[in-house]
Amino acid sequence: MSTAKQIRNDFIDFFKSKDHEFVPSSPIVPIGDETLLFANAGMNQFKDIFLGLVPTDYRRVANSQKCLRVSGKHNDLEEVGKDTYHHTFFEMLGNWSFDDYFKAEAIQWAWELLTDVWGIEPDRLWVTVFGGDHTEGLPEDEEAANLWTKVTPIPTDRVLSCGKKDNFWEMGETGPCGPCSEIHIDLGPEMCDMKNVPGHKCRVNAGCARYIELWNLVFIQFNRLGDGKLVPLSAKYVDTGAGLERITAVLQNKKSNYDTDLFMPIINCTSDITGHKYTSKLGNETDNAFRVIADHIRSLVFAMTDGAIPSNEGRGYVIRRILRRASRFGRELGMHEPFIYKLVPVVVDCLGDAFGEIRERADYVSTVIESEEVSFGRTLDRGIEIFNAAAGRAQKSINKIINGEDAFRLYDTYGFPLDLTQLMANERGLKVDTAKFDELMEEQKQRARLAGTAKITISVSGKLSGTSLPVTEDTHKYDTDNCDSKLIGWLDEEGFHDQGQIQTDAEVGIILDRTCFYAEAGGQVGDCGIIKSENGKFVVEDTTKIANCIIHQGKVVEGSFSIGQNVKAIVSKDRAATKKNHTATHLLQWALQQVLGKSVAQQGSYVGPDYLRFDFTYPKALTAKESKKVEDLVREKIASDLPLTCVVMPRAEAEKLGAMALFGEKYGNEVRVVAVGAANEKLLEEAFSREFCGGTHCDNTGQIGGFKIIKEESISAGVRRITALTGTGLNACLEKASDIVDELSAILKVPSEALVERVSQLIKDNKKLSKELRSAAKASGSDVMAEAKQLLQKCEKISDTSIIVGRLQNTRIEQAREAIDMLKKKAKSAAIVLGFEDDDKATLLAGITNDLIKKGLKAGDIVKAIAPIIDGGGGGRPQMAQAGGKNPKKINDALKEATELIKEKLVS
Ligand code: ATP
Ligand code: MG
């Protein structure tokens, strides 16, 4: 039995014996070709020759090209492991003729190599040739069809004519192109993997695994111009591609590429590492994991060797995705530790002789893979849990879609590439809301852009090393929203300034000797507001802190400011809303602990003027009842209008009081405690909530003015997030909701109490109508076909040609076109003209079979001749043409004229 290495050599040697020159594979990462992420076919490196951009020294070439099909036009990632013959990385054996030999030799040699040299039984082979495409005006490849039976012993009935999809190759929208001829092998009826598909018949290109394509012979003979026209090329090329892995499986008598010596060593090594056994079964999850890993490690080794580095963009991201996908499949084999990198040496053993470069870079490649595995491994298990929860929710939903937020979180926090989430979803029969995912991705990018401009502190902090910033006295933030201060410095891109002037329009961070602005901390956002001087106005957009220096970030909108000037700092009214949300957050934490128990611990929070968000540890979603209970408790405390007291005290004392601290947070010796329900410092014991907190708060709970949870969700394994509204935000939200209700009431003309019933009824009606519409469309479609068949039955014939002319009732253009296709097939030789009325307009369609076109009868000509009768115009190709007109009353006249025309042509 030949090894893969021998088979590769056989191929090269065979073509050398036919005067071909061996040319090494081009790198899998194309050099200087930004249009292509990875080499995906042997022709890539010869592209410029085909395009006529560079002259060629070659006449005949053979090689084995490293290909990767994981992106763009060719993406076989989804098939990997599920079938036994599509890989991401594979070798494409090829032979080329650059304006030298053409179809005859290419066909003859392919056959000779497969059957004589390799001894494949000829009666297992089938071939396809291009059958033409009338919609595109592409002629059938009769030349190839004739050659197959002439230069090889293959019987005519195993030379099949196929369509454009499989048998016409184009480099792009324009440029070199031509028909191809594929060689398929019949692996036997037992290999069919579509036995359960109703109506499935095993045959070439029917999608089942019984017939697989081994070799594709492309004959580049046309050039497609900008206007879509094809012109013959002066130089003709042969470009062939045969999958080494598939041929090896056939020659080694294996049912699966993975059972060959190209993959088994990798699979065996995986088995040794994981302790699982490979049984070569399709549809078996463990076996599938083996196959995916064996496939992916080959891609990784080759792509990284040729320069792709895992990253978050472009090629690098494709590589990262492949690796993460392999890691995920490793979990199926019980692997929670990095192990994929250990397979690198086996890949090198298998392929290092043919591709020496992978041997040279093996150490580097395995180091990179290992470090990627380590970093992804940290989040993978938690990600899988989160995925499972999201999938569980999707399973329960009507549309079986994993929501975009979940997919985005998996991507953003857990490094799950979208296609990994999609793959996992697929396995469970679920889909992913990618539109929402894309939207969130875009939002994130926008945020990143904004953050880049507003946060001066971040950009300058690097320039501040060695500068000692002034200390701002900021205790006023707790008791007032405006204060008199002095401007003592500012920050801009260049760093800290304590002299000079700030001009109009300058975007800087102002530093005052004292301030009442709250700098972002503990989840509470930094204050906004204005700083005013005698002749200047500065809008504060955010307030932050570096060490003990408070920075008011924003822009001079009027006048200018100078160091030493007296100013007034005025905090925006938003602060009041922020206070309400902050105090409510404390009530919420307390209420959650009452309802869910003491295991609830704060993980993080956001407190702004618009809403509040509270993240806490809890293993599962809150029930509707629990949520309601939490809301009720908070509202009760608001209604009781209880006082708050904030005290700074030694940490030990605060701890003794049982005040809650944020886990993992570092506190100084002095801490501030916010106690809700205590009227003064002496009554701290009476408070029901005591928290370490530096934020700004209401004086009493009544000021909060209302509370509502608007969302409860999970943000990572064991962490929940509640989003809620109070006072101002809540009012706005209620007002909006009430406006919507009013609007709906008006549109639907029912009082608001009846809205739910009305909408439910509408949905029901809509479903019913859609169903009726669908069945009506189906019925009319089959009516049209039946009408057309009747026309065929009673049509006139001239020798073998049917003249099918008539009217259709209630049809539409698509259906009429289908009818013409059907008639052409049924009648074999036919001239067809159909007319119908739709929406007060007349339409005429003509279709002519190819045999008649040769006799000079063309659909376009007929339509052009009869269109004026219906007050219209039209045209088209010889095979199919169409006209529209304003006068449906004249359809019959036009059809009569058409009959005459056809007869004239046929008898002349
Ligand atoms: P298929 O229809 O089987 O996907 P294809 O039409 O995409 O094949 P071509 O682009 O013509 O294949 O590539 C030429 C040859 O390369 C094929 O005949 C086949 O032997 C091999 N080949 C193509 N894709 C793969 C793949 N993903 N894995 C392994 N071999 C492949
Ligand atoms: Mg393919």
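**Ligand 1, surroundings**

I started with ligand 1 and counted 15 residues around it. Arg-69, Asp-76, His-86, Glu-213 and Asn-216 are the closest of these. Note to self: this is a predicted model, and every value here is computed.

**Ligand 1, polar contacts**

Next I looked up which atoms of the ligand pair with the protein. A nitrogen atom of ligand 1 sits 2.6 Å from a polar side-chain atom of Asp-76. Glu-213 also brings in its side chain, with a polar atom 2.7 Å from an oxygen atom of the ligand. Gly-243 uses its backbone instead: a polar atom there is 2.9 Å from an oxygen atom of ligand 1.

How much of the accessible area of ligand 1 does the protein cover? I get 85% of the 580 Å² that the ligand has on its own.

**Ligand 1, where the shell comes from**

I then sorted the shell by element. Strands S5 (89–98), S10 (211–224) and S11 (230–243) are the elements that each give two or more residues to it. S10 has the largest share, with 4 residues. Glu-213, with its 2.7 Å contact, falls in the S10 range of 211–224, and Gly-243, with its 2.9 Å contact, is the end residue of S11 (230–243).

By class I noted 6 polar, 5 nonpolar and 4 charged residues in the shell.

**Cavities, the largest one**

I moved on to enclosed space and found 2 cavities of 30 Å³ or more in the structure. The largest has a volume of about 70 Å³. It is lined by 13 residues, and Thr-84, Leu-187, Ile-212, Lys-255 and Asn-257 are the closest to its centre.

Which element gives the largest share of this lining? Helix H6 (residues 244–251) does, with 3 residues. I split the lining by class into 7 nonpolar, 3 polar and 3 charged residues.

One cross-check with the ligand entry: Ile-212, from the list of residues closest to the cavity centre, lies within the range of S10 (211–224), a strand that also contributes to the ligand shell.

**Cavities, the second one**

The second largest cavity holds about 30 Å³ of space. I wrote down its lining as Val-70, Leu-77, Val-318, Arg-321, Ile-322, Arg-325 and Asp-419. Helix H9 (residues 314–332) supplies the largest share of it, 4 residues. By class the lining has 4 nonpolar and 3 charged residues, and no polar ones. The charged ones in my list are Arg-321, Arg-325 and Asp-419.

How values were computed. Residues numbered from 1 in each chain as written. Chains lettered and ligands numbered in written order. Predicted model: local features only at pLDDT ≥ 70, side-chain atom pairs only at ≥ 80, totals over all residues. Heavy atoms only, no water. Near = heavy atom within 4 Å. Polar contact = N/O pair within 3.5 Å; in protein donor to acceptor, adjacent residues only side chain to side chain. Areas by Shrake-Rupley, 256 points an atom, 1.4 Å probe, with all protein chains shown as cover. 1 Å grid on protein atoms, 1.4 Å probe; cavity = no way out; pocket = protein on both sides within 12 Å on 5 of 7 lines; lining within 4 Å. Points joined across faces, edges and corners; volume = space filled by probe spheres on them.
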